[in-house]
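Colleague: I should like to go through this model with you and ask on what grounds each description rests. Please set each value against its definition.

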Amino acid sequence: MSQTPPIDRSEAARRSQTPYITSMAAYNAMCDEAARDYECFWARHARRLLHWHRPFTKVLDETRAPFYTWFEDGQLNASYNCLDRHMESGNGDKAAIIFEADDGAVTRITYGQLFLRVCRFANGLKALGLGKGDRVVIYMPMSIEAVVAMQACARIGATHSVVFAGFSAKSLHERLADVGAVALITADEQVRGGKVLPLKSIADEALAMDGCEAVKYSIVYRRTGGQVKWAEGRDRWMDDVAAGQPDACEAEPVGAEHPLFVLYTSGSTGKPKGVQHSTGGYLLWALMTMRWTFTARSDDTFWCTADIGWVTGHTYIAYGPLAAGVTQVMFEGVPTFPNAGRFWEMIQRHKVSIFYTAPTAIRSLIKAADADEEIHPKRYDLSSLRILGTVGEPISPDVWMWYFKNIGNGHCPIVDTFWQTETGGHVIAPMPGATPSVPGSCTLPLPGIMAAIVDETGNDVPNGHGGLLVIKRPWPSMIRTVWGDPERFAKSYFPEELGGRLYLAGDGAIRDKDTGHFTITGRIDDVLNVSGHRMGTMEIESALGSHPLVAEAAVVGRPDDTTGEAICAFVVLKRPRPIGDEAARLAGELRAWVGREIGPIAKPKEIRFADNLPKTRSGKIMRRLLRSMSKGEEIAQDISTLENPSIIEQLREST
Ligand code: PRX
């Protein structure tokens with residue numbers, strides 16, 4: 001490691017001064033500071049927390065609103081900030097990642113080893129001709145190699161776009177084409193819950209479709225050694241790309257606004273949108289929220305159970321924990337394999353101190369613990385825990401209390417973190433030590449985040465009244481644009497109806513009358529949240545609609561005890577409405593079809609057939625009615641405007 005830059009301990013010590021928020025008064029003071037001098041507030045943190053190759057002189061530029069820029073003339077490198085800095089401060093021997101494979105095998109990698117692997121692989125990518133501005137799609141299982149791939153892209157200034165490895169060939173293809181990828185990084189196979197999924201063959205299928213001609217290389221991480229087909233010239237083993245490459249790779253300084261990544265997420269209309277994030281603002285907030293929300297310290301062992309295919313896995317696996325220099329646990333498998341005690345066993349084994357997961361996982365583990373004493377959390381030593389977190393969907397007060405009592409032993413604060421792919425990091429969340437944890441509420445905005453609730457015209461509503469959740473001022477880690485579609489960005493997030501200057505989250509919210517604490521009441525658009533996964537009803541409808549037998553389909557969400565929301569599809573076939581066994585067979589076929597078109601997470605839980613859909617006289621599908629029906633509610637709405645009232649009976653019968 002002779003190429004490691006010389007250690008400047010004084011510099012490292014200065015930077016490690018962690019701005020935690022340690023009291024309500026400190027929280028209020030921070031909020032006041034942000035309100036008084038917004039740019040100064042952010043500039044102070046950005047200067048202190050990040051290493052800049054070239055310091056910025058400009059902070060926020062609003063002249064091209066809503067295309068805001070932050071720290072625009074500054075230059076930095078995200079990988080330098082996540083790795084090199086720990087070498088400089090003498091932390092090369094500290095464990096960076098403790099990786100636990102599906103079968104329980106544990107691999108530890110230090111910051112020094114991770115740094116070397118990232119450098120060699122980054123050099124390998126450069127040797128293939130990849131560099132600044134290129135887009136690289138990553139379609140990989142949870143693995144140290146996936147983090148190496150993301151960090152290596154960041155190191156050479158390539159923009160990565162990670163696609164969740166549960167998505168189908170078609171979904172992968174759509175994203176490869178939309179982002180204009182020149183390379184794909186994948187694995188031979190993925191292993192989860194004892195099952196093997198042929199990732200490379202799915203990737204091959206995606207690459208064979210029209211529109212991916214620009215992809216020159218498919219780089220393959222050898223996870224299982226299973227059989228794969230090989231395209232000479234295009235395909236390379238990840239090991240071979242890195243082999244023989246120098247141990248040092250200068251981190252490429254990029255402008256603060258340089259796109260670090262594009263991550264696709266569902267909207268209410270059309271195809272998934274590529275959320276583009278910056279380098280400077282994004283990384284700053286990834287690091288700040290590690291400290292403010294999780295109170296991460298250098299001796300913590302942090303575990304975020306999300307997949308790197310979602311934003312949570314970006315901010316709180318690939319970037320935040322590394323930038324903060326903590327040791328983190330990374331897990332390949334699923335919470336229920338080999339049994340539903342796996343999470344608790346892993347917390348015990350690795351002495352996890354900060355644990356971050358989704359309410360949907362907790363809900364299913366509660367059921368499992370109730371059913372089997374052997375895997376009840378009380379059987380495990382969870383005393384290493386000090387902070388618990390949740391993300392992705394509302395956590396109901398009873399689930400919150402179970403988590404608090406059974407996992408946190410009644411003393412770990414729970415941080416219910418509200419945020420989105422677009423916000424880059426937490427925006428509303430408790431700050432342990434300063435603000436309270438409250439069951440059923442994500443509580444208060446982080447300092448610098450001007451969250452508010454407004455009515456349909458953009459006016460503030462008083463506490464105690466529901467409305468639209470907005471953020472009133474741009475913040476550093478916000479979405480910069482929708483890749484390739486700036487108009488869609490402006491329209492979706494800064495709608496004219498609200499005056500064009502408020503960031504519209506797409507969620508409803510309400511603030512407590514007395515405390516002002518926020519509670520998220522759910523999406524206000526046609527976006528569903530199934531097991532914490534975000535999905536557009538339109539995407540599922542068009543997947544169903546592309547089946548040769550389907551004439552028309554409408555998809556709605558209905559509450560579900562385990563998955564939060566469940567997908568319910570109403571389908572009209574091009575042939576008479578099927579009944580009995582035939583209906584069950586066709587429903588199975590359509591579910592499998594959606595699985596192939598989008599991915600297994602999009603399969604409808606329930607499919608109902610009818611001769612038509614309930615429509616108004618002007619031909620609009622009455623979705624509200626479908627929603628009530630999916631919940632089994634009595635139809636309270638006036639159906640006199642319905643073109644075809646008899647349909648209601650049919651849809652009821654088909655349950
Ligand atoms: O509806 C909100 C819900 O998840 C949506 C964002 O989904 P996604 O972009 O996939 O990011 C998920 C991980 C950050 C939001 O619009 N959501 C997220 N966190 C919470 C939540 N709903 C309630 N409470 C939360 N803590």
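Modeller: Let us begin with the ligand. By class, its shell comprises 6 nonpolar, 6 polar and 5 charged residues. Here Ala, Val, Leu, Ile, Met, Phe, Trp, Tyr, Cys and Pro count as nonpolar, Asp, Glu, Lys and Arg as charged, and the others, Gly among them, as polar. This is a predicted model, in which local features need pLDDT of at least 70 and side-chain atom pairs count only at pLDDT 80 or more, while totals for chains, interfaces and linings use all residues. Residues are numbered from 1 along each chain as its sequence is written, and side-chain values use heavy atoms, with hydrogens and water left out.

Colleague: Which residues surrounding the ligand are the closest?

Modeller: D416, T417, T421, D507 and R534 are the closest of the 17 residues that surround the ligand. A residue is near a molecule if one of its heavy atoms lies within 4 Å of it. Helix 11 (311-324), strand 20 and strand 25 (518-523) each supply at least two residues of this shell. Helices (H or I, at least four residues) and strands (E, at least two) are DSSP runs, numbered from the N terminus.

Colleague: What makes the approach of D416 to the ligand a polar contact?

Modeller: A polar contact is a pair of N or O atoms within 3.5 Å. A polar side-chain atom of D416 lies 2.8 Å from a nitrogen atom of the ligand, so the pair qualifies. A polar side-chain atom of Q420 lies 3.0 Å from a ligand oxygen atom, and a backbone N or O atom of G392 lies 3.2 Å from a ligand nitrogen atom; these pairs therefore meet the cut-off as well. The protein covers 93% of the 540 Å² of accessible area that the ligand has on its own, by the Shrake-Rupley method with a 1.4 Å probe.

Colleague: Why are strand 5 and strand 20 said to stand at the edges of their sheet?

Modeller: The open sheet of 7 strands has the order 5-4-17-16-18-19-20, with mixed pairing. Strand 5 (106-110) and strand 20 (414-417) each have a single partner strand, so one side of each is left without a neighbour in the sheet. Neighbouring strands of this sheet are turned by 20 degrees against each other on average, direction ignored; axes are lines fitted to C-alpha atoms, and angles run from 0 to 180 degrees between N-to-C directions.

Colleague: How do you know that strand 18 and strand 19 pair?

Modeller: Two strands pair if DSSP finds at least two bridges between them. Strand 18 (residues 354-357) and strand 19 (residues 387-391) run parallel and are joined by 4 bridges, so the criterion is met. T357 has T390 of strand 19 as its bridge partner.

Colleague: What packs on this sheet, touching strand 18, strand 19 and strand 20?

Modeller: Helix 14 (residues 397-407) does, and its direction makes about 150 degrees with that of strand 19. Contact means heavy atoms within 4.5 Å.

Colleague: What is the order of the open sheet of 4 strands?

Modeller: The order is 21-22-24-25, with antiparallel pairing. Strand 21 (451-454) and strand 25 stand at its edges, each with a single partner strand. The twist averages 45 degrees from one strand to the next. Strand 22 (residues 467-471) and strand 24 (residues 503-511) share 4 bridges, and L468 is partnered there by G508.

Terms used
A polar contact is a pair of N or O atoms within 3.5 Å; within protein, one must be able to donate a hydrogen and the other to accept it, and residues adjacent in sequence count only if both atoms are side-chain atoms.
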